[in-house]
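User: Please take a close look at the charged side chains in this model and at how they pair. I am in my first year, so plain wording would help.

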Amino acid sequence: MTTAVGTAPVARPDRGFFGHPRGLATLFATELWERFSYYGMRAILVLFLTAEVSKGGLGWSNGLASGLYAVYVALVYMLPIPGGWLADRVLGPRKATLWGGVIIALGHYTLAIPGEITVYLGLLLVAVGTGLLKPNISAMVGNLYGRDDERRDAGFTVFYLSINIGAFFAPLVCGFLAEEINWHVGFGAAGVGMTLAVLAYLAGWRWLGDVGKEAPRPATPAERRHAFAWGGVAAAALAALLVLDVAVSGGFRIEHVINFFSVLGVALPVAYFAIMFRGVDREYRPKLQAYVWFFVTAVVFWMIYDQSGSLLNLFAEQKTNRDMFGWEFPASWLQSVNPAFIVLLAPLFATLWQRLGARQPSTAVKFAFAMVGIGLSFVVMGAAGAAAGDGRKVAVWWLVGVYFVQTVAELCLSPVGLSVTTKLAPPNFASQMMGLWFLATATANTINGQVTKLNEPLGDTMYYGLLGAVAILGGVAFFLFAGKIRALTGDVR
């Protein structure tokens, strides 16, 4: 619909979904059910791996289970790089999202089949599918708005709300089915959630208009052959390394896989930033320099935050009193605490940013608040570890308090980081830039593959306290350099 201003028609912004474009409703529903599948499986994975064989688990040690968890999460956030390329150059974001959803569903259903080999295959399928879906659905959210539309940050916060609605219900449903009935029933429930995500996406397809329909920078046939050839070489090289390691070690060693990804997780963003700096126009390089600051800060943030699915999940199972009216509720239910706080607080943050408008803190200052907050959460966690000494179990409110502080910190970083990524992205690199944002989480988790090993020798108090102090110091540094970062971003606030 248009309205006349003088003689020039001006398009009215689409406000069909609570003041936001109607396409946001489609992406909202799709992301909600996709996150249900992801967080449902995430809540039970480490618990399943460490459960006794007699109770249907694999009987792994805490360290081994945390290592596989770290590698899996790293792959989930590393594969958006090729997923973004396929969307930008071949499929277009919309088709890439659809194919990603189908592959994720197949992965969850594979995990529902008992057997150790199905664990590896299922996790790989979920990671590959997420690599296609995750960066592209977020990029489409950004493309629903004009570059100067002040609803953008609020829109991403609303979108972030969908993530946490799914994340809240997932552990309650999948966790109960897994811990009280059968682990593989829980994995199957996650598959049902992903199937609903695909159906919701197809049902709301028309509301997306032309967003994501075509690849923004289609690759030539020669470029496609070149890229797929290099992809085949990389896959063959990884397979050869794995076979060689098995032959030399006399069997598959997850520790070697963790070490490999720890190196790759650091090398990949360094190489990717180098390529980006060489490939973008000179005018966009200052913004890319600013983005390096945001990226490194996000790595430290997610390194701490993502331990909720491994070490904090095991802390809930082994060192937390979960008695409720004479019944010990599933440890995985505590994974719903953080998204519950997000659901409660996200609308308040969205309203706050929207009302402040141009007066709201810069992205750099928001990141600084996030770093201090995530650091304080681990200081609290260190105190909980001290209280759990000598085999005692602590009250559940310790973990609830930790997750509350992390939620406030998360709302200052994650939706804001998604938004600033779309705003700082050079033209025709939106999906790949979004993939780079998710690579920060991949790098964080590959580092976690090494860092979490320190928990046992250091003890909870020292381990959590040291990581908390590092994050707080990083937040202070961001406050001090916020002005310099703001200058590099130019017209992007």
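Analyst: What follows goes through the charged pairs one at a time, after a short look at the chain that holds them. The model is a predicted one.

The protein chain has 18 helices and 6 strands. For 493 residues, a compact globule would have a radius of gyration near 23 Å, and the chain has 22 Å, which agrees. Its C-alpha atoms fill a box of roughly 75 × 50 × 40 Å along the principal axes. Buried residues make up 53% of the chain. Of the contacts between residues at least 6 apart in sequence, 81% join residues at least 24 apart. The exposed surface comes to about 20500 Å², with carbon and sulfur atoms supplying 68% of it.

Now the charges. The chain carries 35 positive and 28 negative side chains, and the centres of the two sets lie 9 Å apart. Side chains of opposite charge can pair when their charged atoms come close. A search of the whole structure finds 5 salt bridges, and three of them are described here, among them the pair of Glu31 and Lys134.

In that pair, the closest N and O atoms are 2.3 Å apart. Glu31 belongs to helix H1 (residues 23–50) and Lys134 to helix H5 (residues 116–143), so the bridge ties together parts that are 103 residues apart in sequence. Both Glu31 and Lys134 are buried.

A second bridge also links distant parts of the chain: Asp460 is in helix H17 (residues 460–480) and Lys319 is in helix H11 (residues 311–319), 141 residues apart. Their side chains meet at 2.9 Å, N to O. Asp460 has a relative accessible area of 10%, so it is buried. Lys319, at 29% relative accessibility, counts as partly exposed.

The third bridge joins Glu328 and Arg322, with 3.7 Å between the closest N and O atoms. The cut-off for a salt bridge is 4 Å. Glu328 is partly exposed, at 43% relative accessible area, whereas Arg322 is buried, at 6%.

Arg322 also leads to an uncharged residue, Pro330, since the two are in contact. Pro330 sits in the loop between strand E5 (327–328) and helix H12 (337–356). With a relative accessible area of 1%, Pro330 is buried. Leaving aside neighbours within four places in sequence, Pro330 touches Gly175, Phe176, Glu179 and Glu180 as well as Arg322. The C-alpha atoms of Pro330 and Ala316 are 9.3 Å apart, with their positions 14 residues apart in sequence.

Last comes a charged residue without a partner. Asp306 is buried yet has no salt bridge. The nearest side chain of opposite charge belongs to Arg42, 4.1 Å away. A salt bridge needs the nitrogen within 4 Å of the carboxyl oxygen, so this pair is not counted as one. Asp306 is found in the loop between helix H10 (285–305) and H11. Beyond its neighbours within four places in sequence, Asp306 is in contact with Arg42, Tyr69, Val73, Thr441, Asn445 and Asn448. Arg42 is therefore in contact with Asp306, as contact means heavy atoms within 4.5 Å, but the two do not form a salt bridge.

Note on methods
Residues numbered from 1 in each chain as written. Predicted model: local features only at pLDDT ≥ 70, side-chain atom pairs only at ≥ 80, totals over all residues. Heavy atoms only, no water. Helix = DSSP H or I, 4+ residues; strand = E, 2+ residues; numbered from the N terminus. Rg over C-alpha atoms; globule rule 2.2 N^0.38 Å. Buried < 20%, exposed > 50% of the residue type's maximum accessible area, 1.4 Å probe, protein only. Areas by Shrake-Rupley, 256 points an atom, 1.4 Å probe, with all protein chains shown as cover. Lys, Arg positive; Asp, Glu negative; His and termini not counted. Charge placed at Lys NZ, Arg CZ, Asp CG, Glu CD.
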